[in-house]
Amino acid sequence: MSLSLCSLAIAAVLSACGGSDGPEKSIVAVIGDVPYGTTPTDTVQLVGGPKFVSAINADADLSTVLHLGDIHSGKSYCTQAYNQTVFDQWKAFRMPLVYAIGDNEWADCHKKAEGGGVYNAATGVIDYVVDASGTPVSYAKGDPLANLDLVRSIFFATPGQTLGKAMTVHTQAKEFDPAYPKDRNYVENVWWMQSGVLFVTMNIPGGSNDNADPWYGVPTVSAAQKQEAADRSAANLRWLDKAFREAGNAGALGVVIQIQADLWYLDGNVPSHVVGYKPYVDRIAANTKSFGKPVLLLNGDSHAYRSDNPLVANSACVAEPSTGGAAVACKDDVSGVQPYNYNVANFRRVIVHGSTAPLEYLKLTIDPQANAVNGVDAFGPFSWKRVQPAL
């Protein structure tokens with residue numbers, strides 16, 4: 001074969017394998033804590049959901065959508081009809097949608113404000129929220145386990161396939177460690193590769209100390225609740241470890257962790273509300289340090305946009321000072337919340353704006369050719385900006 005023909009053949013092979021330049025750049029939209037409502041009857045964001053979906057679809061740069069959980073507020077009821085409405089709206093996405101489950105759609109459904117109920121110390125029973133006919137207003141009287149099963153049955157009916165435009169992802173339901181058969185329940189925990197970067201999701205609900213506050217406000221945490229937290233936490237940590245192993249084996253340029261919980265958020269200014277997250281912070285810090293390449297954590301939960309590195313004290317930080325406002329420099333007031341001297345420099349955390357108007361999405365670019373220093377709007381192959389579409 002002549003040299004020119006040989007060169008053409010090699011070029012063809014490289015092209016078939018994705019090209020000689022390696023993975024291609026891609027851009028994703030990151031949203032969370034949407035739709036929201038201030039009361040059980042506030043449906044403004046739910047009704048406006050199709051417009052928000054259409055606005056994201058209209059951004060021709062985007063290839064994927066990440067939802068960080070909380071598909072309704074902590075003041076909205078947990079119902080099958082509501083979940084189905086959101087699911088039906090998401091069918092309109094013309095790109096894959098990867099959804100990380102939040103707390104409001106299951107873990108907090110027991111709360112009175114979400115239509116669950118509250119323990120009555122005088123009677124020793126739970127007073128459930130009911131409508132005028134005496135029917136409980138929330139699914140299964142707000143039982144968290146039943147509501148988690150409901151969310152899975154609607155949004156994860158096909159394990160290993162995304163919502164919106166179908167994309168195949170790896171799921172813990174199919175790739176669990178046989179030594180821990182319960183891990184097959186976590187169909188919502190997935191990972192996939194995109195632009196040379198590994199993305200991984202975990203079911204870590206925000207608020208209530210990782211679902212540790214006693215359901216319905218009963219005096220003592222039930223055996224079922226203790227078991228739920230123990231099983232899910234262990235499964236999450238095994239899935240996180242697996243994701244980093246896969247990233248190392250694949251020579252990934254970076255890792256993106258997608259969860260709902262703000263692991264450093266003193267929800268209600270209750271210090272004990274972050275204790276349950278320490279095992280996650282420990283493992284994220286250890287894996288990130290060992291991996292040695294850029295790791296980006298995306299979470300919602302606390303609703304206000306923020307970019308920081310809570311694993312390094314006094315790192316560069318910006319945050320929105322008011323709803324929808326441009327981010328400004330902020331004080332490092334979170335690294336001390338988990339004060340364990342992690343000092344992991346190859347880490348960056350971004351909280352997406354959520355819950356309040358104007359609605360927005362984070363436009364996250366993954367460029368395999370980029371290698372930005374760790375900053376407030378770029379790091380390694382990652383760069384991002386906030387977009388508030390006209391609705």
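Select residues 1–20 to begin. In this predicted model, pLDDT stays under 50 over that stretch. The model gives residues 1–20 three contacts beyond four places in sequence. Now pick out helix α1, residues 3–16: among the elements of the chain, α1 has the lowest mean pLDDT, 39. For the opposite end of the scale, select strand β10, residues 254–258, which has the highest mean, 99. Over the chain, pLDDT averages 93, and 95% of the residues score at least 70.

Next come the cysteines. How many disulfides does a search of the whole structure find? The search finds two. A disulfide is a covalent bond between the sulfur atoms of two cysteines.

Select cysteine 78 and cysteine 109, and show their side chains. The sulfur atoms of this disulfide are 2.1 Å apart. Look along the S-S bond: the angle about it is -95°, and the link is left-handed. What does the pair tie together? Cysteine 78 sits in the loop between β2 (64–67) and α4 (80–90), while cysteine 109 sits in the loop between β3 (96–99) and β4 (117–120), so the bond ties together parts that are 31 residues apart in sequence. Turn on the surface and check both residues: cysteine 78 and cysteine 109 are buried.

Move to cysteine 317 and cysteine 330, which form a disulfide with an S to S distance of 1.8 Å. This link is also left-handed, with -85° about the S-S bond. Cysteine 317 lies in the loop between β12 (306–308) and β13 (318–319), and cysteine 330 in the loop between β14 (328–329) and β15 (347–351). The two cysteines are 13 residues apart, and the pair links distant parts of the chain.

Is each of these two cysteines buried or partly exposed? Cysteine 317 has 6% relative accessibility, so cysteine 317 counts as buried. Cysteine 330 has a relative accessible area of 24%; because buried means under 20%, cysteine 330 is partly exposed.

With both pairs displayed, number the bonded cysteines in sequence order: the pairing is 1-2, 3-4.

For the last stop, select α4, the helix that follows the loop holding cysteine 78. Colour Tyr82, Asn83, Val86, Phe87, Gln89 and Trp90, which are buried. Why do these residues lie on the same side of α4? Look down the helix axis: they cover an arc of only 160° around it, which puts them on the same side. To see what they pack against, add α2 (44–47), α3 (49–57), β2, β3, α5 (144–155) and β6 (163–164) to the selection.

How values were computed. Residues are numbered from 1 along each chain as its sequence is written. This is a predicted model: local features need pLDDT of at least 70, side-chain atom pairs count only at pLDDT 80 or more; totals for chains, interfaces and linings use all residues. Side-chain values use heavy atoms; hydrogens and water are left out. A disulfide is a pair of cysteine sulfur atoms within 2.5 Å. Helices (H or I, at least four residues) and strands (E, at least two) are DSSP runs, numbered from the N terminus. Buried means under 20% relative accessible area, exposed over 50%, partly exposed in between (1.4 Å probe, protein chains only). The arc is that of the directions from the helix axis to the C-beta atoms. Contact means heavy atoms within 4.5 Å. pLDDT is the predictor's confidence in each residue, from 0 to 100.
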